[in-house]
Amino acid sequence: MLQLYSISKLKKHYAMKRDFIDLFSSLAVVVSLAGPTSGWAQGLQKILVGYSSPSGNHTVIFVAKDAGSYQKYGLDVDLIFIGAGSKMTQALLSGDIKLAQVGGVAPITARLRGADLRIVAVSFNFLALSLMTQKNIRSVAELKGKSVGVTRFGSNTDLGAKYVLRKHGLVPDKDVAIIQFGDVPTAFAALQAGAVQGCMLSYPTTAAAKKMGYQELVDLSDSDLEYASTNIVVTDRFLQTQRDLIRRFLMGFIEGMHRYKTDESFTKRVMGKYLRINDAVVLDETYKLFAPKIPRVPYPTPGGIRTALESIADDPKARTAVPEEFYDDSILRSLEKEGFTRKLYR
């Protein structure tokens with residue numbers, strides 16, 4: 001079940017689970033760490049991981065958890081839905097969570113402002129968003145003088161909306177009002193209620209909207225726009241002091257990516273469970289969009305970071321920043337050199 005936690009509740013939540021987890025951790029280790037992973041048989045290391053969106057491109061962490069991939073490498077991963085942007089970066093910087101899966105702009109903006117955040121993996125390097133509109137709107141130009149809904153200012157949906165509007169000659173917040181609603185389901189509800197004439201949606205909500213007859217004016221996943229949309233982020237300090245833990249998390253994460261790509265029925269079941277969807281058509285469309293686009297190795301790329309920097313070019317620091325300052329791919333390169341990914345796809 002998905003849960004929304006405020007920062008103040010994270011520690012309380014984690015503490016309540018501690019006694020229960022300690023009681024059964026030895027049994028879990030015996031079951032899940034048999035064979036070549038027995039080196040971690042002395043106990044699972046608990047770690048709290050935040051994610052910013054219950055959507056198709058965030059499903060890898062759910063697949064890895066339900067497949068037992070994290071346990072295989074000695075980790076008991078507790079997933080917490082925090083939300084996008086400043087909430088997630090605040091939770092990371094305060095130490096309430098140790099890793100986060102979050103969109104590209106938030107950690108990059110935070111680092112520009114002095115936060116010691118670093119991207120260590122990117123599972124999706126494109127914007128899996130669609131501009132959906134009322135059924136009577138047939139072109140982006142017809143949105144002039146109207147409004148478009150996004151999740152939050154500075155989020156992936158905000159970036160996507162402004163990118164589409166500018167590409168079609170419209171000025172965001174001048175020609176078209178941008179309104180934030182907090183999350184994708186609420187933005188879609190606003191579209192259904194007629195409160196906005198368009199909104200940026202992600203899968204599986206996009207598939208549901210299409211099924212209901214709303215217009216898909218632009219599908220950004222079909223564009224050549226490179227963008228670090230789904231990132232694994234840590235603090236520099238955590239990367240320096242807990243490198244082995246991050247390495248083991250990424251091993252489980254990469255195995256989750258492999259399972260996502262190669263086991264359609266399992267992935268759909270996980271999607272349905274965590275995203276609360278039982279519509280077979282919606283699940284099928286969501287899987288078919290994301291599965292082929294998952295890379296074997298989730299490398300951050302300069303191009304993906306550069307797009308995020310360009311989206312916040314009003315900040316002078318963003319205009320002069322070097323993309324490589326925002327990520328560290330050394331653990332991924334080490335794993336690939338050792339043949340970890342090659343063995344998965346053998």
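**Reading a sheet and a cavity**

Mentor: In this predicted model, strands S1 (residues 45–51) and S3 (residues 99–102) run parallel and are joined by 3 bridges. One of the bridges pairs Val 49 with Leu 99 in S3.

Trainee: What is the order of the strands in the open sheet?

Mentor: To read a sheet, follow its strands from one edge to the other. Here the open sheet has 5 strands in the order S2-S1-S3-S10-S4, and the pairing is mixed.

Trainee: Which are the edge strands?

Mentor: An edge strand pairs on one side only. In this sheet, that describes S2 (75–81) and S4. From one strand to the next, the twist averages 25 degrees.

Trainee: Which helix packs on the sheet, and which strands is it touching?

Mentor: Look for contacts, then compare directions. Helix H4 (residues 86–94) packs on the sheet and touches S1, S3, S4 and S10 (230–235). The direction of H4 makes about 165 degrees with that of S3.

Trainee: How many cavities of 30 Å³ or more does the structure hold?

Mentor: A cavity is a space from which a 1.4 Å probe cannot get out. The structure holds 1 cavity of 30 Å³ or more, and about 40 Å³ of space lies in the largest cavity.

Trainee: Which residues line the largest cavity?

Mentor: The lining consists of Pro 107, Ile 108, Arg 111, Leu 117, Arg 118, Ile 119, Val 233 and Phe 326. Helix H5 (105–112) and strand S4 (117–124) each supply at least two residues of this lining.

Trainee: How do the lining residues divide into nonpolar, polar and charged?

Mentor: For the largest cavity, 6 are nonpolar and 2 are charged, with no polar residues.

Definitions and conventions
Residues numbered from 1 in each chain as written. Predicted model: local features only at pLDDT ≥ 70, side-chain atom pairs only at ≥ 80, totals over all residues. Heavy atoms only, no water. 1 Å grid on protein atoms, 1.4 Å probe; cavity = no way out; pocket = protein on both sides within 12 Å on 5 of 7 lines; lining within 4 Å. Points joined across faces, edges and corners; volume = space filled by probe spheres on them. Helix = DSSP H or I, 4+ residues; strand = E, 2+ residues; numbered from the N terminus. Nonpolar A, V, L, I, M, F, W, Y, C, P; charged D, E, K, R; others polar. Pairing = 2+ DSSP bridges. Axes fitted to C-alpha atoms, helices over the stretch in contact; angles between N-to-C directions. Contact = heavy atoms within 4.5 Å.
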